[in-house]
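Q: Please take a close look at the aromatic rings of this protein and at how they are placed. I should also like to learn what lies around them, and to have each term given with its cut-offs.

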Amino acid sequence: MKTMKKSGIPWIKEIPLDWETCRVSDAFFRKNRKAYQLEPTILTLARSGIKIRDISSNEGQIAESYYEYNPVSKNDLLLNPMDLQSGDNCSISKVEGVISPAYINLRHKNNISPDFYNYLFKVYYWTKALFTYGKGVSFDNRWTLNYETLSHLKIVRPKYEEQLKIANYLDKRCGEIDGLISDIEREIETLSQYKKSIISETVTKGLNKNIKLKNSGIEWAKHIPEHWEVSRIANVYKLRNQKVSDKDFEPLSVTMKGIFPQWENVAKSDAHDDRKLVRKGDFAINSRSDRRGSCGISDRDGSVSLINLVLQPLTNMNPNYYNWLFHTESFADEFYKWGHGIVNDLWTTNWQDMKRILIPQPPIQEQREMAEYLDKKCKEIDSILEDKNKQLEILESYKKSIIYEYVTGKKEVVDD
């Protein structure tokens with residue numbers, strides 16, 4: 001076990017006796033000149049690393065010109081100074097190109113391993129060390145770290161050979177952990193798709209796989225059992241459109257997972273008296289396409305935002321069956337197809353259009369049986385998904401602890 005000493009860095013505490021500390025500017029210099037390239041390779045810093053951006057797809061923010069972007073070389077270390085809370089927003093570039101001057105581009109000096117410091121800066125993000133030195137008008141979206149402050153920040157500096165040894169060790173160990181994480185993420189994606197397919201097949205074709213199907217005339221559910229009827233939403237729901245105050249009725253949020261009491265930290269409107277009444281058992285759906293899939297049955301009386309449609313179930317239906325039906329992707333496509341708006345990705349569907357949408361109408365007993373089946377089946381799948389997500393959390397936490405222990409010298413890489 002190495003002899004330790006105080007580092008003078010609060011989020012690192014003790015370091016090995018033979019390690020030094022220095023300022024960021026002692027180990028790196030900032031690349032802040034302009035590339036002045038007419039047809040550059042545009043790069044972007046993502047959580048998964050530095051990627052070449054396809055600007056022809058028109059996704060994300062498009063700059064008027066990339067002429068004054070900063071050049072990026074292989075092994076440059078890039079930091080995002082505008083997002084200091086959500087994760088490890090730094091990475092080493094394996095490609096050449098240009099990137100927005102909003103990012104901080106660091107080039108290592110002699111006897112500095114960019115790979116080692118990539119891991120170290122991840123720790124600085126995780127421990128909120130960079131956030132501590134940020135400045136701005138709000139913690140949420142304008143809290144940034146300027147380079148002048150970053151350049152004076154203290155960092156550890158092991159001998160160059162040890163930097164390389166630690167970086168190589170972490171590359172190997174983290175690669176193994178990332179492999180396990182990728183496997184679990186694939187399992188989660190497979191299970192999620194399986195759950196969606198079960199819901200879609202059940203609500204449109206029933207539980208009897210041998211039953212004869214017919215053409216339904218419903219574009220988004222083309223084939224249904226021969227004995228099922230086709231109806232319009234207005235035949236199973238009626239609109240509840242009563243304005244109330246959230247002072248009298250508990251404010252609720254309509255989400256993709258259902259309807260829940262509104263969190264204290266969510267953005268709230270000042271229009272406390274301008275909300276819609278929801279009664280226990282009502283179905284509410286967000287009418288805006290940017291809230292796609294947000295709907296559910298309320299388990300209590302309350303109030304929701306005016307952008308939601310609140311529907312009261314009629315007597316000739318099972319609400320749980322239609323809740324499952326309305327959570328399918330095919331229904332979401334149909335629902336927002338009936339919307340109106342001024343931009344392609346933001347539409348609002350009103351009740352006058354929604355009530356005309358064609359839907360399957362199975363016998364009430366089958367509705368009940370399908371709803372009970374999906375309640376049980378999806379609960380089983382959700383339980384497995386919950387376990388898988390817990391495994392991901394454990395692996396991510398383990399990975400962070402390994403990185404922290406080795407880049408701060410708490411553990412030493414032992415030669416094989």
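A: One aromatic cluster is made up of Trp220, Tyr237, Phe283, Tyr321, Tyr322, Phe326, Phe331, Phe335 and Tyr336. The structure is a predicted model, in which local features need pLDDT of at least 70 and side-chain atom pairs count only at pLDDT 80 or more, while totals for chains, interfaces and linings use all residues. Residues are numbered from 1 along each chain as its sequence is written, and side-chain values use heavy atoms, with hydrogens and water left out.

In the whole structure, a search finds 18 aromatic pairs (rings of Phe, Tyr and Trp, the last by its six-membered ring, with centres within 6.5 Å; planes under 30 degrees apart are stacked, over 60 edge-to-face and the rest tilted). One of these pairs is formed by Phe28 and Tyr117, which meet edge-to-face with 5.5 Å from centre to centre and 90° between the planes. Phe28 belongs to strand S4 (residues 28-30) and Tyr117 to helix H2 (residues 114-126), so this pair ties together parts that are 89 residues apart in sequence (helices, H or I of at least four residues, and strands, E of at least two, are DSSP runs numbered from the N terminus). Phe28 is buried at a relative accessible area of 1%, and Tyr117 is buried at 0% (buried is under 20% relative accessible area, exposed over 50% and partly exposed in between, with a 1.4 Å probe and protein chains only).

Within the cluster, Tyr237 and Tyr322 provide a pair for closer study. Their ring centres are 6.4 Å apart and their planes stand at 80°, so this pair is edge-to-face. It links distant parts of the chain, since Tyr237 is in strand S18 (residues 237-240) and Tyr322 is in helix H6 (residues 319-326), 85 residues apart. Tyr237 has a relative accessible area of 1% and is buried; Tyr322, at 0%, is buried as well.

The surroundings of the cluster include an enclosed space. The count comes to 1 cavity of 30 Å³ or more (on a 1 Å grid over the protein atoms alone, a cavity is a set of points where a 1.4 Å probe fits but cannot get out; a pocket is an open set with protein on both sides within 12 Å along at least five of seven lines; lining residues have an atom within 4 Å of a point). The largest cavity holds about 40 Å³ of space (points are joined across faces, edges and corners, and a volume is the space filled by probe spheres set on them). Its lining consists of Ile285, Gly293, Ser294, Cys295, Phe326, Phe331, Ala332, Phe335 and Tyr336. Phe326, Phe331, Phe335 and Tyr336 thus appear both in the cluster and in this lining. Helix H7 (residues 329-337) contributes the most to the cavity lining, namely 4 residues. The classes in this lining are 7 nonpolar, 2 polar and no charged residues (Ala, Val, Leu, Ile, Met, Phe, Trp, Tyr, Cys and Pro are nonpolar, Asp, Glu, Lys and Arg charged, and the others, Gly among them, polar).

Helices H6 and H7 also take part in an open space. The largest pocket contains about 1,100 Å³, and 27 residues line it, with Lys195, Ile199, Met256, Lys257 and His327 nearest its centre. H5, H6, H7 and H9 are the elements that each give two or more residues to this lining, and H9 supplies the largest share, 7 residues. The pocket lining divides into 8 nonpolar, 10 polar and 9 charged residues.

Two of these elements also meet each other. The axes of helix H5 (residues 160-205) and helix H9 (residues 364-407) come within 10 Å and cross at roughly 170° (axes are lines fitted to C-alpha atoms over the stretch in contact, with angles from 0 to 180 degrees between N-to-C directions). H5 and H9 are therefore roughly antiparallel (over 145 degrees; under 35 is roughly parallel, 65 to 115 roughly perpendicular and the rest oblique). Their contact comprises 28 nonpolar, 4 polar and 10 charged residues.

Finally, Ser287 sits in the loop between strand S23 (283-286) and strand S24 (295-297). Ser287 is buried at 5% relative accessibility, and its C-alpha lies 20 Å from that of Asp301, 14 residues apart in sequence.
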